[in-house]
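Trainee: I have a structure open on my screen and would like to take a close look at one part of it with you. Could you walk me through it at an easy pace?

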Amino acid sequence: MKRLLLAGGGQVHALVLRDLAQRRLTGIDVVLVTPSNQLRYSGMLPGWVAGHYGLSDLTIDLAPLADAAGARLILAQLRKLDLANRIALTDGGQAIDFDVLSIATGAVVDIDAIDGARQHALPLRPFEQFIGGWERIVQNADAASETFRLTVVGAGAAGVEMALAASYRARKMRLPMRVRLLTGGVPLLPGHGDRARSLMHAMLAKGGVQLLDATAQRVESGAVITRDDQRFVTDATLIATGANAPDWLRSTQLALDDGGFIAVNSHLQSISHSFVFAAGDVATLTETPRAKSGVYAVRAAKPLAGNLITAITGEPLGVFTPQRRALYLISTGPKHAIASWGRWGFAGRWVWRWKNGIDRDYISKLRRPITRRISR
């Protein structure tokens, strides 16, 4: 029996498991390796920070999906690969042999890019660590006898969403919290149009977030020091900078791009090892590069599932062609959001209702009982 190893329990492999469960597959042993048996949906995380959702609203249990797909669930993280012998090693020392490997472990926050951040700041990822850290920040702010200063580092969608969500939560709970956002010297929302940026600037001003065109150089206990030696007193610091590749990939023999991400072709297949596939933020499409975004990751799941099966059966692989432009729905604290589409931008409560509907439908899909179909 041939073994398909899925590394990472994020959105990509949750959808792959659902697809596999709908097929009547024989002769394939499916194994999912992931550090948690729960998937926290990132699209709703800012809404949880703001207080619009309970944690259960954005949580998917992976065990039912794994069971439906006939997959074994191993709670661990992939740490090393012996590609010559097709063996994966976990952080717990377990060795798992495989015939085909799919990697969708996501990107990471490069916490060590800022001195002292690992000791004195809270990164947005991994989500389990962030969730516990954010709850402690709220408790500390609630207990504060004077102004509690929260510093968010990152000018991308994740940074602005977290800054606005935190500021809204503070107003809603009447916490003595003040939020500042350090942009790192780049424009807000890199890769988005001027209209979306203009709308976001307006929402940051309305939401009471102090915007600073400064780059964090060092984080200390109680302060953030910028590259130009400004010192900002802070009681808590969130790091929400861009996607970085996991360090462990550099110790493999997989072909990587300049950023350390797995280089894949139009089949979502490693350009150096034909039995390895990758999708989502951990991978780079060498033929059709796209931004690191959950939008593209979700779209890749179905063709990835098909190619994983055909790689085992020896049939021709299918081609994944990502859309040229993605629609981004960016929350702004209250039940309000910005829609960004190329150079176009729209904002309003109706955008949040639209986003909320899409997010809840997505969660419902992953929780819905699975009806099997006849495999090709």
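Which ring does the charged end of R86 sit over, and how many Å from its centre?

Mentor: Happy to, and please keep in mind that this is a predicted model. The charged end of R86 sits over the ring of F275, 3.8 Å from the centre of that ring. Let's begin with the arginine. R86 is in the loop between β6 (78-82) and β7 (87-90). With a relative accessible area of 32%, R86 is partly exposed. Its backbone deserves a glance too: R86 has a positive phi of about 55°, although it is not a glycine. Most residues other than glycine have a negative phi, and most peptide bonds are trans.

Now turn to the ring beneath that charge. F275 counts as buried because its relative accessibility is 13%, and buried means under 20%. F275 also has an aromatic partner, F98: the two rings form a tilted pair, 6.3 Å centre to centre, with 40° between the planes. F98 lies in the loop between β8 (95-97) and β9, while F275 lies in the loop between β18 (262-264) and β19, so the pair ties together parts that are 177 residues apart in sequence. F98 is buried as well, with a relative accessible area of 3%. To sum up this spot, F275 has the charged end of R86 over its ring and forms an aromatic pair with F98.

From here we can step to a helix, since β9 (100-103) and β19 (276-278) are among the elements that the buried residues of α8 pack against. The others in that list are β1 (2-7), α1 (11-22), β2 (28-34) and β21 (328-331). Helix α8 covers residues 294-313, 20 residues in all, and spans 29 Å from its first C-alpha to its last, close to the expected 28 Å. There is a bend of about 35° at A301, and a proline, P303, follows within four residues. The buried residues of α8 include Y296, A297, A300 and A301, and also L304, L308, I309 and I312. Just after the helix comes G314, which has a positive phi near 85°.

One of the packing partners of α8, helix α1, is worth a pause. α1 has 12 residues and reaches 17 Å from first C-alpha to last, close to the 16 Å expected. It is mostly covered, with 12 of its 12 residues buried. Among these buried residues are H13, R18 and D19, alongside V12, L15 and L17.

For comparison, here are the other ring contacts. A search of the whole structure finds four aromatic pairs. One of them is Y41 with Y362, a tilted pair at 4.9 Å centre to centre and 45° between the planes. This pair also links distant parts of the chain: Y41 is in the loop between β3 (38-40) and α2 (45-50), Y362 is in helix α9 (residues 349-367), and they are 321 residues apart. Y41 counts as buried at 11% relative accessibility, and Y362 is buried with a relative accessible area of 12%. There is another arginine over a ring, too: R325 lies over the face of W341, at 5.6 Å from the ring centre.

A further arginine, R40, makes contacts of another kind. R40 is in strand β3 and is buried, with a relative accessible area of 13%. Its side chain makes a polar contact of 3.3 Å with the side chain of Q38, and a polar contact of 2.8 Å joins the side chains of R40 and E128. Leaving aside neighbours within four places in sequence, R40 is in contact with L55, L58, T59, F127, E128 and I131.

Finally, two backbone details to set beside the positive phi of R86. L189, another residue that is not glycine, has a positive phi near 50°. L189 is in the loop between β12 (177-182) and α7, and it counts as buried at 0% relative accessibility. The other detail is a cis peptide bond joining R125 and P126, with omega about 0°. P126 is in the loop between β10 (122-123) and α5 (127-143).

Definitions and conventions: Residues are numbered from 1 along each chain as its sequence is written. This is a predicted model: local features need pLDDT of at least 70, side-chain atom pairs count only at pLDDT 80 or more; totals for chains, interfaces and linings use all residues. Side-chain values use heavy atoms; hydrogens and water are left out. Helices (H or I, at least four residues) and strands (E, at least two) are DSSP runs, numbered from the N terminus. The expected span of a helix is 1.5 Å times one less than its number of residues. The bend at a residue is the angle between axes fitted to the seven residues ending there and the seven starting there. Buried means under 20% relative accessible area, exposed over 50%, partly exposed in between (1.4 Å probe, protein chains only). Contact means heavy atoms within 4.5 Å. Rings of Phe, Tyr and Trp (its six-membered ring) pair if their centres lie within 6.5 Å; planes under 30 degrees apart count as stacked, over 60 as edge-to-face and the rest as tilted. A charge sits over a ring if NZ of Lys or CZ of Arg is within 6 Å of the ring centre and within 35 degrees of the ring normal. A polar contact is a pair of N or O atoms within 3.5 Å; within protein, one must be able to donate a hydrogen and the other to accept it, and residues adjacent in sequence count only if both atoms are side-chain atoms.
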